[in-house]
Amino acid sequence: MYSSYVSYLNPVWGYYGFTYFEPELEEVAMVMSLILLTSLFLPFRMRTPGALVVIFLHSVVYIPGVIVCMCVAQSGAFKYGYILCSLTVVFILISLVARHGNVSGFDFNMLECSTLGRKVIFGIWFFLGVVLIFEYHSSLSFVGLDNVYDQRAETSTVGGYISYFKTYFAYVLTPIIFSLGLSEKRGAYMLLAVGGLC
C-alpha cells in the first residue's frame with residue numbers, strides 16, 4: 001500500500017489532496033504497530049458474515065487509512081494520531097464481536113429479518129437505486145483507474161436529498177442486503193449488493 005501511494009496515488013492524484021511527505025522512522029513504527037495490533041484481534045475463521053466484513057474492512061479501509069494518514073502531511077501519523085487511535089479501538093471492538101459472535105451473552109446469530117422487514121429493505125433499496133440511476137444516467141460508465149477520481153468529481157456536485165440517497169443506498173442498505181445473502185446463503189442477494197456498489 002505504501003509503494004502504491006508513493007508511485008501512483010501521489011503522482012497521479014496529488015491535486016486531490018494526496019500529498020506526500022517522507023514519513024519519519026517513529027511514524028513508520030507507530031503505523032506498523034497499529035496494523036499489527038489490529039491484526040492480532042481479527043477473526044480466526046469466517047464463521048459469520050461479520051467476520052468476512054471485518055477482514056475486508058481491515059484490508060481495504062483500515063490499512064490504507066493509517067498509511068494515508070502517515071504520508072499525507074508532515075508528521076501525519078502524530079497529527080492524526082487521535083483519529084488513528086480511536087479507529088484502532090473501535091476496530092478491535094468490532095473484531096472481538098465478529099470473532100466471538102456475542103457481547104455480554106447476547107447471541108448475534110439469533111437476529112433474523114422478518115419477511116416484512118426484508119420487503120421494506122428491498123423496496124427502499126430498489127426505489128433509491130432507480131432515483132440514483134435517473135439522476136446519474138449520463139455519468140454511468142465503467143472507467144479505468146486513471147479516471148476514477150474524475151468520475152467521482154462528476155457525481156459529487158449534486159447535493160440535497162440525492163446525497164442522503166447515495167449514503168443510505170451505498171453504506172446502509174447495500175451492506176444489509178449483502179449480509180442477508182451471506183447469512184441465508186442466497187447468492188442472488190449478494191449479486192444484487194455487488195451490483196449496487198458498482
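# Exercises on a predicted helical and stranded chain

From the N terminus on, the elements of the protein chain run α-α-α-α-α-β-β-α-α-α-α. The model is predicted.

## Exercise 1: The chain as a whole

Task: Find how many helices and strands the protein chain has, and what share of its residues count as buried.

Solution.
- Step 1. Count the elements. The chain has nine helices and two strands.
- Step 2. Turn to burial. The chain has 198 residues, and 30% of them count as buried.
- Step 3. Look at the surface. About 12,500 Å² is exposed, and carbon and sulfur atoms supply 69% of this area.
- Step 4. Check the contacts. Take those between residues at least 6 apart in sequence: 68% of them join residues at least 24 apart.

## Exercise 2: A nonpolar patch

Task: Name the residues that make the nonpolar surface patch, and say which helix gives the largest share.

Solution.
- Step 1. List the members. They are Val-53, Phe-56, Leu-57, Val-60, Val-61, Val-90 and Ile-94. The patch covers about 540 Å².
- Step 2. Place them on helices. Both α3 (49-71) and α5 (81-100) supply at least two residues of the patch.
- Step 3. Pick the main contributor. Helix α3 gives five residues, the largest share.
- Step 4. Test one member. Val-53 is found in α3. Its relative accessible area is 31%. Patch residues need over 30%, so Val-53, at 31%, passes this cut-off.

## Exercise 3: A buried residue in α3

Task: Decide whether His-58 is buried or exposed, and find what it touches.

Solution.
- Step 1. Locate His-58. It sits in helix α3.
- Step 2. Apply the cut-off. Buried means under 20% relative accessible area. His-58 has 4%, so it is buried.
- Step 3. List the contacts, leaving out residues up to four places away in sequence. His-58 touches Ile-35, Thr-38, Ser-39, Leu-42, Ile-63, Pro-64 and Phe-91.

## Exercise 4: A buried charge

Task: Find the nearest side chain of opposite charge to Glu-27, and the backbone nitrogen that lies 2.9 Å from a polar atom of the Glu-27 side chain.

Solution.
- Step 1. Locate Glu-27. It lies in helix α2 (residues 25-40).
- Step 2. Look for a partner. Glu-27 is buried, yet it has no salt bridge. The nearest side chain of opposite charge is Lys-79, 10 Å away. A salt bridge needs the charged atoms within 4 Å.
- Step 3. Look for a polar neighbour. The backbone nitrogen of Glu-24 lies 2.9 Å from a polar atom of the Glu-27 side chain.
- Step 4. Add contacts from beyond four places in sequence. Glu-27 is in contact with Met-70, Ser-75, Gly-76, Ala-77 and Phe-78.

## Exercise 5: Two loops

Task: Place Glu-24 and Ser-75 in their loops, then find what is unusual about the phi of Ser-75.

Solution.
- Step 1. Place Glu-24. It lies in the loop between α1 (2-13) and α2. Its relative accessible area is 31%, so Glu-24 is partly exposed.
- Step 2. Place Ser-75. It lies in the loop between α3 and α4 (76-79). At 24% relative accessibility, Ser-75 is partly exposed.
- Step 3. Link the loops. Setting aside residues up to four places away, Glu-24 touches Gln-74, Ser-75 and Phe-78. The C-alpha atoms of Glu-24 and Ala-77 are separated by 9.3 Å, with their places 53 residues apart along the chain.
- Step 4. Check the backbone. Ser-75 has a positive phi of about 55°, although it is not a glycine. Most residues other than glycine have a negative phi.

Technical notes. Residues are numbered from 1 along each chain as its sequence is written. This is a predicted model: local features need pLDDT of at least 70, side-chain atom pairs count only at pLDDT 80 or more; totals for chains, interfaces and linings use all residues. Side-chain values use heavy atoms; hydrogens and water are left out. Patches are made of residues with over 30% relative accessible area and no salt bridge: like charges are joined within 9 Å, nonpolar side chains (Val, Leu, Ile, Met, Phe, Trp, Tyr) within 5 Å. Accessible areas come from the Shrake-Rupley method with a 1.4 Å probe; for residues, only the protein chains shown count as cover. Helices (H or I, at least four residues) and strands (E, at least two) are DSSP runs, numbered from the N terminus. Buried means under 20% relative accessible area, exposed over 50%, partly exposed in between (1.4 Å probe, protein chains only). Lys and Arg count as positive and Asp and Glu as negative; His and the chain ends are not counted. A polar contact is a pair of N or O atoms within 3.5 Å; within protein, one must be able to donate a hydrogen and the other to accept it, and residues adjacent in sequence count only if both atoms are side-chain atoms. Contact means heavy atoms within 4.5 Å.
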